[in-house]
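Trainee: Could we go through this structure together? I would like to begin with the vocabulary of burial.

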Amino acid sequence: MVYGEDPIESRFIRVKIWAAEPMPGEKVTGLRSLEDGFTPEVMETELLAGRVLVNSRDSIIAARALARISGILAGPSTGATLAVALRVARDAEPNSNIVFIACDAGWKYFSAGLGDGNLDEMEDALEGDVFWW
């Protein structure tokens, strides 16, 4: 919430906010789980329409598609938010507008092979630990 203003839902009645979270036990770089107690101070969880779990593999695939199709180079956390937005869109009412925000810069992913590295190896690396490229 922007301090001094009404919550977003009071101004845009039909806005729904979804949280993207990693699957239990998985580590998606830049993405944290509310279940694990990670809640930023500025986050108002009561405004969430829901939380959607996304795995490492889907995060990488979506990040690659975002670069290939739209020319937006971003990392796994942005891929995760895109994957969630696509799931929400699949179940949305006709003519709904679905927006996702890519809070990332892709320059740091060139050396990691995000665009063309072995998908299985990248997924294994993400599952093993937090993988800061």
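Mentor: Let us fix one term at the outset: a residue is buried when its relative accessible area is under 20%, exposed when that area is over 50%, and partly exposed in between. Please keep in mind that this is a predicted model.

Trainee: Then which is Glu21, buried or exposed?

Mentor: Glu21 has 1% relative accessibility, so Glu21 counts as buried.

Trainee: What does the side chain of Glu21 meet?

Mentor: The side chain of Glu21 forms a salt bridge with that of Arg51, at 2.4 Å from N to O. Glu21 belongs to strand E1 (residues 17-22) and Arg51 to strand E2 (residues 48-54), so this pair ties together parts that are 30 residues apart in sequence. Arg51 itself is partly exposed, its relative accessible area being 41%.

Trainee: Why can such side chains pair at all?

Mentor: Side chains of opposite charge can pair when their charged atoms come close.

Trainee: How many salt bridges are there in the whole structure?

Mentor: A search of the whole structure gives two. Besides the pair just discussed, the side chains of Asp58 and Arg87 meet in a salt bridge, at 3.4 Å from N to O. This pair links distant parts of the chain, with Asp58 in helix H2 and Arg87 in helix H3 (residues 76-91), 29 residues apart.

Trainee: And how accessible are Asp58 and Arg87?

Mentor: Asp58 is partly exposed, with a relative accessible area of 29%. Arg87 is also partly exposed, at 22%.

Trainee: How do the axes of H2 and H3 cross?

Mentor: The two axes come within 7 Å of each other and cross at roughly 90 degrees. An angle of 65 to 115 degrees counts as roughly perpendicular, and that makes H2 roughly perpendicular to H3.

Trainee: Which residues make the contact?

Mentor: From H2 the contact takes Asp58, Ser59, Ala62, Ala63 and Leu66, while H3 supplies Pro76, Thr78, Gly79, Ala80, Leu82, Ala83 and Arg87. By character, the residues of this contact of H2 with H3 comprise seven nonpolar, three polar and two charged.

Trainee: Ser59 is on that list. Where does Ser59 lie, and is it buried or exposed?

Mentor: Ser59 lies in helix H2, which covers residues 56-70. Its relative accessibility is 0%, so Ser59 counts as buried.

Trainee: What lies 2.9 Å from a polar atom of the Ser59 side chain?

Mentor: That is the backbone oxygen of Asn55.

Trainee: Changing topic, what about Leu53?

Mentor: Leu53 is found in strand E2 and counts as partly exposed, at 39% relative accessibility. Apart from its neighbours within four places in sequence, Leu53 is in contact with Glu21, Pro22, Met23, Pro24 and Arg87. Glu21 and Arg87 are also salt-bridge residues, the former with Arg51 and the latter with Asp58.

Trainee: How far is Leu53 from Ala19?

Mentor: From C-alpha to C-alpha, Leu53 and Ala19 are 8.5 Å apart in space, with their positions 34 residues apart in sequence.

Trainee: To finish, what is the overall pattern of the protein chain?

Mentor: Along the sequence the protein chain reads α-β-β-α-α-α, with four helices and two strands. Of its 133 residues, 33% are buried. Among contacts between residues at least 6 apart in sequence, 68% join residues at least 24 apart.

Conventions
Residues are numbered from 1 along each chain as its sequence is written. This is a predicted model: local features need pLDDT of at least 70, side-chain atom pairs count only at pLDDT 80 or more; totals for chains, interfaces and linings use all residues. Side-chain values use heavy atoms; hydrogens and water are left out. Buried means under 20% relative accessible area, exposed over 50%, partly exposed in between (1.4 Å probe, protein chains only). A polar contact is a pair of N or O atoms within 3.5 Å; within protein, one must be able to donate a hydrogen and the other to accept it, and residues adjacent in sequence count only if both atoms are side-chain atoms. A salt bridge is a side-chain nitrogen of Lys or Arg within 4 Å of a carboxyl oxygen of Asp or Glu. Axes are lines fitted to C-alpha atoms, for helices over the stretch in contact, and angles run from 0 to 180 degrees between N-to-C directions. Angles under 35 degrees count as roughly parallel, over 145 as roughly antiparallel, 65 to 115 as roughly perpendicular and the rest as oblique. Contact means heavy atoms within 4.5 Å. Ala, Val, Leu, Ile, Met, Phe, Trp, Tyr, Cys and Pro count as nonpolar, Asp, Glu, Lys and Arg as charged, and the others, Gly among them, as polar.
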